[in-house]
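Okay, thanks for making time, everyone. I'll put the model up and then talk through it piece by piece.

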Amino acid sequence: MENFGYHTPASVADAAKILDAHEDAKLMAGGMTLLPTLKQRLAAPSDLIDLAGIAELKGISRVGDEIVIGAMTPHADVHESALVREAIPGLAALAGQIGDPAVRHRGTIGGSISNADPASDYPAGLVGHGATVVTNKRKIAADDFFTGLFDTALEPGEIVTTVRFPVPLWSTYQKLRHPASGYAVVGVLVAQTKDGVRVAVTGAGPSVFRIAAMETALSQSFSAKAIEGITIPADDMNNDMHASAAYRAHVVTVLAKRAVASR
Ligand SMILES: Cc1cc2nc3c(=O)[nH]c(=O)nc-3n(C[C@H](O)[C@H](O)[C@H](O)COP(=O)(O)OP(=O)(O)OC[C@H]3O[C@@H](n4cnc5c(N)ncnc54)[C@H](O)[C@@H]3O)c2cc1C
């Protein structure tokens with residue numbers, strides 16, 4: 001690990017000022033991904049801006065028809081939150097399936113989505129529920145936030161502050177876990193919302209994606225039978241030591257049907 005400056009701002013405004021003042025600075029949430037990256041010398045930021053002391057980035061509230069989750073809220077808090085369990089039980093269940101207890105108590109929703117690991121669970125949670133990512137500069141629809149492999153719409157100097165989830169009529173998350181890390185080999189979120197059905201897939205491709213054909217079929221008839229003939233091409237699926245592209249494509253339909261059948 002190289003030397004770096006270490007900052008502990010107490011507000012988002014202060015964090016943003018420090019970020020703007022240091023070209024090679026990095027924000028740190030729980031450090032679950034960032035610290036191993038530094039230890040392996042895959043990154044060498046000039047400064048670390050630790051967000052842990054910023055109270056306004058923590059916590060969960062209900063505002064009208066939305067659940068609002070602060071960027072520094074760890075996965076365990078989302079899983080255990082009575083508010084989330086009551087309004088969006090599918091999201092509470094998703095958070096409870098991330099990694100292991102240590103990961104869930106240290107990893108945060110803001111760090112997870114900013115990192116945009118293709119095998120992470122929250123991208124399906126955000127896109128599946130039609131969530132909105134709020135930063136210190138603007139609001140970004142989840143559909144526009146995840147732009148590729150480890151890539152997001154975040155601009156330099158932008159800090160995720162909250163994620164806003166509209167309360168769905170119903171949703172659930174089905175996941176094929178990697179047996180060692182817990183990451184999603186494939187994860188499928190199905191939600192019934194007042195604007196129709198949403199089907200979002202993580203783990204299978206380089207970035208989260210929706211399946212329009214399933215959404216249309218399920219909006220007409222919400223049954224596993226309605227989507228059993230809908231397959232997705234393996235061409236764009238991830239192909240690695242954990243699972244082949246063809247297997248991942250197959251599992252997407254299996255998990256989507258399982259999700260719908262659990263209604
Ligand atoms: C062993 C292990 C198993 C895991 N299993 C799973 C799993 O099953 N499913 C899953 O989804 N995830 C899994 N994870 C990932 C984990 O859940 C964390 O969410 C992820 O590592 C990010 O950690 P963090 O929140 O501490 O962010 P950090 O590591 O501190 O930061 C990650 C990145 O996000 C940036 N960042 C952090 N906060 C912000 C912010 N507010 N605004 C803008 N940028 C920001 C940082 O600069 C950095 O680039 C696993 C991780 C480990 C180590």
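Before the ligand, a word on classes: Ala, Val, Leu, Ile, Met, Phe, Trp, Tyr, Cys and Pro count as nonpolar, Asp, Glu, Lys and Arg as charged, and the others, Gly among them, as polar. This is a predicted model, so local features need pLDDT of at least 70 and side-chain atom pairs count only at pLDDT 80 or more, while totals for chains, interfaces and linings use all residues. Numbering starts from 1 along each chain, as its sequence is written.

Right, the ligand. There are 32 residues around it, with Gly30, Gly99, Gly107, Gly111 and Ser120 the closest; here a residue is near a molecule if its C-beta atom, placed from the backbone, lies within 6 Å. Sorted by class, that shell has 14 nonpolar, 15 polar and three charged residues.

Which elements supply at least two residues each of the shell? Those are β2 (25-28), α6 (101-106) and α7 (109-115). When I say helix or strand, I mean DSSP runs, H or I over at least four residues for helices and E over at least two for strands, numbered from the N terminus. The largest share, five residues, is from α7.

Now the domains. The assignment, which is an automatic or database one, gives domain 1 (1-49) and domain 2 (170-261). Their centres, taken over C-alpha atoms, are separated by 35 Å. Why does the ligand shell lie between them? Because domain 1 and domain 2 both give residues to it.

On to the strands, where pairing means DSSP finds at least two bridges between two of them. Strand β1 (residues 5-7) runs parallel to β3, joined by three bridges, and Gly5 has Asp47 as its bridge partner there. On β2, the pairing with β3 is also in the parallel sense, over four bridges, with Met28 opposite Asp50 in β3.

Further along the chain, we get an open sheet of four strands in the order β11-β12-β13-β14, paired antiparallel. β11 (170-177) and β14 (209-210) are at the edges with a single partner strand each, so one side of each has no neighbour in the sheet. Inside that sheet, β12 (residues 184-193) and β13 are joined by seven bridges, and Leu189 stands opposite Ala200 in β13.

Next, helix α10 (residues 212-220). Its buried residues are Met214, Ala217 and Leu218. They span an arc of only 95 degrees around the axis, going by the directions from the helix axis to the C-beta atoms, which puts them on the same side of α10. Buried means 20 or more other C-beta atoms within 10 Å of the residue's own, exposed means 12 or fewer, and partly exposed is in between, with C-beta atoms placed from the backbone. On the face turned away from the buried side, you'll find the exposed residues Ala212 and Gln220. And what covers the buried ones? That includes β13 (196-202), α11 (224-227) and α12 (245-261), with contact meaning C-beta atoms, placed from the backbone, within 7 Å.

Last thing: two backbone oddballs, if you like. Arg41 has phi near 60 degrees, a positive value in a residue other than glycine, and is found in the loop between α2 (34-39) and β3 (47-50). Ala116, also not a glycine, has a positive phi near 55 degrees and is found in the loop between α7 and α8 (122-129). Buried or exposed? Arg41 is exposed, with 9 other C-beta atoms within 10 Å, whereas Ala116 is buried, with 22.

Notes: Contact = placed C-beta atoms within 7 Å.
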